[in-house]
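Work through the exercises below with the chain open in your viewer. Try each task before reading its solution.

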Amino acid sequence: MALLACSFLIFFSVTGVNAIEDNVTDGTIINDTNALENEEKNISQSSDVDSIDNDTENQEDTVIYQTSAEDPIGSVTVEEVETASIYLKNYVDTYNSLPESIPVGSYTLTLAEFLKVLLTTTIQLDQGDTDTPIIITVVGEASNPAGNVNSGNILKSEYLQNAINILNFINANGRAPNYCSTSLHNLRFEGILFSYAKIIDFYKEHDRLPNYTIITKSDFMGSVTIEEIETASAYIKNYVETNKVLPETIQVGSKSLTMSEFLKVLLDAVINLDQNRSVPVAVTDVGDAPSPAGQKISGNILKSEYLEKATSIRNFIDSYGRAPNFSKTSLGNLRFEYIVFSYAKIIDFYKEHDRLPNYTKILSSDFIWKSEGVYNIQIITYERVKYGDSYRYVEKVSDTPTTNRTVTVEISNIDTSTGGDVTNNSVLMQYISRTDVVNKLIEVSKNGTPMIRFGDGTGTKVMMISGVHGNEIPPQIAMLNMVNYLMDKDIQGTIYIVPFAIPSSTANVARYWNGQNPNTISHIPGTPTYKILNVAKQNKVNYLGDFHSTREGGYPGANAVFCSKYPLYTSYKMAYYISKQTSSKLLVYSTAAMEYPGAVEDASNIMGIPAITCESLSNHGTVRSGSVSRSFYQMVFLARYAKLV
Ligand SMILES: [Zn+2]
């Protein structure tokens, strides 16, 4: 991570800059999502003792929850709990923080007491009981709330089990827990409370409990004051002037923010100060710019423009959940780092002069630039040239215009921890067609998980993945065939191809990564499959296919397409179409992530991207006759389902 951060923050790529000039508007290009590893940074060690651990030995009998013998304060009705839940939900939506106490019926409860009421209500509603009054008892406050939860969904089965676990904790300890251990990591007290309030609110609207509850990492991150932002801005200004790079994080008041989070705070502060409002600014989770890029520019940006840009960048952050790679200005494309630096200088000026400056000065020499970098996106144009009786696509090395057909693709590393030399896989090498573009992908694989993008990132978007299991050879051959096939196609949309999800596994004909099956850990931050799915998410992919092969006598042990009908019915429609077109068995699960929570397909569905898993029959490490073409047609028909070819 440290190495990667260096490459992002210190060195700028001229290659990337040239690429971006063609790509005018929003700075959305293929990403390296390694920055997501930062998610682990807020783990609080001190409160481990308060963990509500789902893995306790008495999980079997926890369905029975015994109410405690504590003296009741009184009771409230389910309707009163519903009303209080709506109140709480609205309060949080407005203030991004919790109230001190909450009115429930004729009582005013502490948040800890209300949590117990919410949990009891949830369990009671699950049992179809809307009549029994909910008993109120005294519950102590959480002693030191902490957590490091990830955004995502918690399914009903889990939130019901968690409710019981938390109630047992409250009964045993007389107080609310600091956090609850969940499949999305530790959900801190405030998040627990808010999620159950939302569950009850949903019940009131729909007369049933929701199938899952959405957890948002950035709830309750609090706010920082203008004075704190001013101090941090002065620090950034001095730091950049001295080091010509941005620091990785910045202390703002009591909070340590990433540069992306700080940028959002800066923009809000500038917008507020322009309106003479010196109010605190909410801190929220903002993803990093995946591939900062921009032009080497110098000049002044006038106040009217930097104010206008502040609003448009804020809108970008709201839409994409992350910082932009660059901002298009009157001087040219201003790279992410310059954006942060400019607004920090604007706030620093405000601190000194008590007004916003009339312009902000940009100097290309403010930051260090570097011409090459391992992690860069490579934009490569291939040209079709006659080769004997047929055509081949070869890399176009000069700018000379050509009447030959050309295709421009982007190749990038989306995970730099997985590199391997796939030419060591002799079975794979025996079958693949070593075209220029395939050779380029093999070369890039040495540095990590490669991805190639066909199309300009607009229109319907499909992602295809192979090599999650490195010992499954046919889909990886088929995927390279797919790459060669797409070189000659005009695509009405965008196709992202990850031919080797874990090149080191492919190189070693290995099934496991770090001792784990990669297709069971896609929901866990930091894993290769998680990073791939995040690239899909950031690029707003519409359909996703994960291509495997299966051994005889294994599961499924046949040409097959897996899918689930819930939560995304489209997954089933895709699978149905592909299975029909390719004579593959259709294997349908009712709900994603119930059986296999960490499968790429399941995690994708939970993330909101319809997904399927395709299987082609061939023993591991070998290529059965017909298995490559079966896998290839499964891919082609996924593209055809999306109407891309
Ligand atoms: Zn597999």
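Four exercises follow, each with a worked solution.

This is a predicted model, in which local features need pLDDT of at least 70, side-chain atom pairs count only at pLDDT 80 or more, and totals for chains, interfaces and linings use all residues. Residues are numbered from 1 along each chain as its sequence is written.

**Exercise 1. Describe the chain as a whole.**

Step 1: take the secondary structure. The chain has 18 helices and 26 strands. These are DSSP runs, numbered from the N terminus: H or I of at least four residues for helices, E of at least two for strands.

Step 2: take burial. Of the 645 residues, 47% are buried. Buried means 20 or more other C-beta atoms within 10 Å of the residue's own, exposed means 12 or fewer, and partly exposed lies in between; C-beta atoms are placed from the backbone.

Step 3: take contacts, meaning pairs whose C-beta atoms, placed from the backbone, lie within 7 Å. Among contacts between residues at least 6 apart in sequence, 80% join residues at least 24 apart.

**Exercise 2. Classify Ile86 and relate its position to Phe202.**

Step 1: locate Ile86. Helix α3, residues 78-95, contains it.

Step 2: count neighbours. Ile86 is partly exposed because it has 15 C-beta neighbours inside 10 Å.

Step 3: go to Phe202. Ile86 and Phe202 are 116 residues apart along the chain, yet their C-alpha atoms are separated by 9.4 Å.

**Exercise 3. Decide why helix α17 counts as largely enclosed.**

Step 1: find the helix. α17 covers residues 600-607.

Step 2: test each residue. Eight of the eight are buried, so the rest of the structure largely encloses α17. Charged Glu601 and Asp602 are among the buried residues, as are Val600 and Met607.

Step 3: look past the end. Gly608 follows α17 and has a positive phi, near 100 degrees.

**Exercise 4. Find backbone exceptions between β23 and the segment after α18.**

Step 1: recall the norm. Most residues other than glycine have a negative phi, and most peptide bonds are trans.

Step 2: check omega. Tyr555 and Pro556 are joined by a cis peptide bond, with omega about 5 degrees. Pro556 sits in the loop between β23 (543-550) and β24 (560-566). Tyr566 and Pro567 also share a cis bond, omega about 5 degrees. Pro567 is in the loop between β24 and α16 (569-582).

Step 3: check phi. Ser583 has a positive phi near 50 degrees. Ser583 lies between α16 and β25 (585-591). Lys643, in the segment after α18 (627-641), has a positive phi of about 60 degrees.

Step 4: check exposure. Ser583 is exposed, with 9 other C-beta atoms within 10 Å. Lys643 is exposed, with 11.

Notes: Contact = placed C-beta atoms within 7 Å.
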